[in-house]
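Subject: Structure handover, with notes on the ligand sites

Dear colleague,

I am passing on the structure we spoke about, and my notes on its ligands follow directly below it. Please read them alongside the coordinates.

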Amino acid sequence: MWRRATATFKSSLFLGTLKHNAPRFTTATGFHFQEKDWMGPKQVAPVITFVLGGPGSGKGTQCAKIVETFGFKHLSAGDLLRREMVSNSEYGSMILSTISEGRIVPSEVTVKLILREMEFSDNHKFLIDGFPRSEENRIAFEQIIGAEPHMVLFLDCPEEEMVKRVLSRNQGRIDDNIDTIKKRLKVFEALNLPVVDYYAKKGKLYRINAVGTVDKIFEQVRPVFEAFEHGAK
Ligand SMILES: Nc1ncnc2c1ncn2[C@@H]1O[C@H](COP(=O)(O)OP(=O)(O)OP(=O)(O)O)[C@@H](O)[C@H]1O
Ligand SMILES: Nc1ccn([C@H]2C[C@H](O)[C@@H](COP(=O)(O)O)O2)c(=O)n1
Ligand SMILES: [Mg+2]
């Protein structure tokens with residue numbers, strides 16, 4: 001399990017799992033680790049990639065191809081929230097109403113779900129899809145997890161195409177209806193685009209033209225990961 005290199009998460013939610021007096025070290029990306037006495041010699045720093053884009057821009061679709069080709073662990077924030085929603089969680093009804101209205105769930109809840117998946121994963125390469133959706137999400141991730149992404153993929157897709165794709169998705173999602181889509185698009189523009197700009201200014205953003213076939217789009221995505229893997233060796 002990747003949690004063998006447990007990070008010194010600042011969240012009080014997980015402090016119970018940490019050993020406070022163990023030696024600490026920080027990776028080049030600012031991820032803070034705390035060495036456990038049973039930590040083996042093969043520990044590696046996590047690789048974090050955010051995948052952003054409007055509703056229906058193809059994030060989940062491209063993530064599946066990245067997983068297949070580059071072996072990342074895919075964490076979709078929306079999927080984690082939907083799973084939490086149907087799991088008898090104390091947050092269930094709040095998540096249901098928030099998603100139905102196309103709004104954003106409070107960051108503490110979403111980051112907690114992502115953190116839990118990261119902690120229990122065997123993989124150290126994470127593809128975090130649909131997160132951060134807002135500056136609040138971004139700051140909460142940095143504060144709670146203490147890490148920044150290595151790279152951020154942005155699937156740039158015209159609204160008309162996104163609406164068309166969402167309306168023909170047919171997966172029974174409560175938010176795949178025209179009224180909620182209009183709200184999600186407004187939220188995307190107001191809250192998510194500032195995050196995209198933030199990472200562009202930091203030189204971490206890879207803007208992908210998300211119009212075309214799935215394979216054509218992946219032709220733009222693949223070299224980003226190849227270059228990263230090449231640089232990481
Ligand atoms: N390049 C593409 N061309 C046409 N349809 C596509 C393309 N990529 C994905 N789709 C389809 O569009 C729909 C939305 O794609 P997907 O679920 O990957 O988007 P998403 O960005 O994850 O959306 P959301 O934010 O709502 O979860 C799906 O039905 C998918 O099969
Ligand atoms: N960081 C996030 C990600 C998702 N949500 C909520 C609100 C979204 O409309 C919904 C569906 O997400 P998707 O599957 O489209 O990525 O989930 C959120 O509040 N915060
Ligand atoms: Mg998705």
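In the second ligand site, an N or O atom in the side chain of Asn137 lies 3.0 Å from a nitrogen atom of ligand 2, and the protein covers 96% of the 440 Å² of accessible area that this ligand has on its own. Please keep in mind throughout that this is a predicted model.

Two backbone contacts accompany the one from Asn137: a polar backbone atom of Gly130 is 3.1 Å from a nitrogen atom of ligand 2, while a backbone N or O atom of Val105 is 2.7 Å from an oxygen atom of ligand 2. There are 15 residues around ligand 2, and those that come nearest are Arg82, Val105, Arg133, Asn137 and Arg173. By class, this shell holds six nonpolar, three polar and six charged residues, and its largest share, four residues, is supplied by α2.

Turning to ligand 1, I found 16 residues surrounding it, of which Lys59, Thr61, Arg169, Arg184 and Gly212 are the closest. An N or O atom in the side chain of Lys59 is 2.6 Å from an oxygen atom of ligand 1, and backbone N or O atoms also approach oxygen atoms of this ligand, at 3.0 Å for Gly56 and at 3.3 Å for Ser57. Of the 630 Å² of accessible area that ligand 1 has on its own, the protein covers 77%. The shell around ligand 1 is made up of three nonpolar, eight polar and five charged residues; α1 (59-70) and α8 (214-232) each supply at least two of its residues, with the largest share, three residues, coming from α1.

Where do the two ligands sit with respect to the pockets? The space taken by ligand 1 is the largest pocket, and ligand 2 sits in the largest pocket as well. That pocket has a volume of about 820 Å³ and is lined by 42 residues, with Lys59, Arg133, Arg169, Arg173 and Arg184 lying nearest its centre. Its lining divides into 12 nonpolar, 19 polar and 11 charged residues. At least two lining residues come from each of α1, β4 (73-76), α2 (77-85), α7 (178-201) and α8, and α2 gives the most, with five residues.

With best regards

Key. Residues numbered from 1 in each chain as written. Chains lettered and ligands numbered in written order. Predicted model: local features only at pLDDT ≥ 70, side-chain atom pairs only at ≥ 80, totals over all residues. Heavy atoms only, no water. Near = heavy atom within 4 Å. Polar contact = N/O pair within 3.5 Å; in protein donor to acceptor, adjacent residues only side chain to side chain. Areas by Shrake-Rupley, 256 points an atom, 1.4 Å probe, with all protein chains shown as cover. 1 Å grid on protein atoms, 1.4 Å probe; cavity = no way out; pocket = protein on both sides within 12 Å on 5 of 7 lines; lining within 4 Å. Sits in = over half its atoms within 2 Å of the grid points. Nonpolar A, V, L, I, M, F, W, Y, C, P; charged D, E, K, R; others polar. Points joined across faces, edges and corners; volume = space filled by probe spheres on them.
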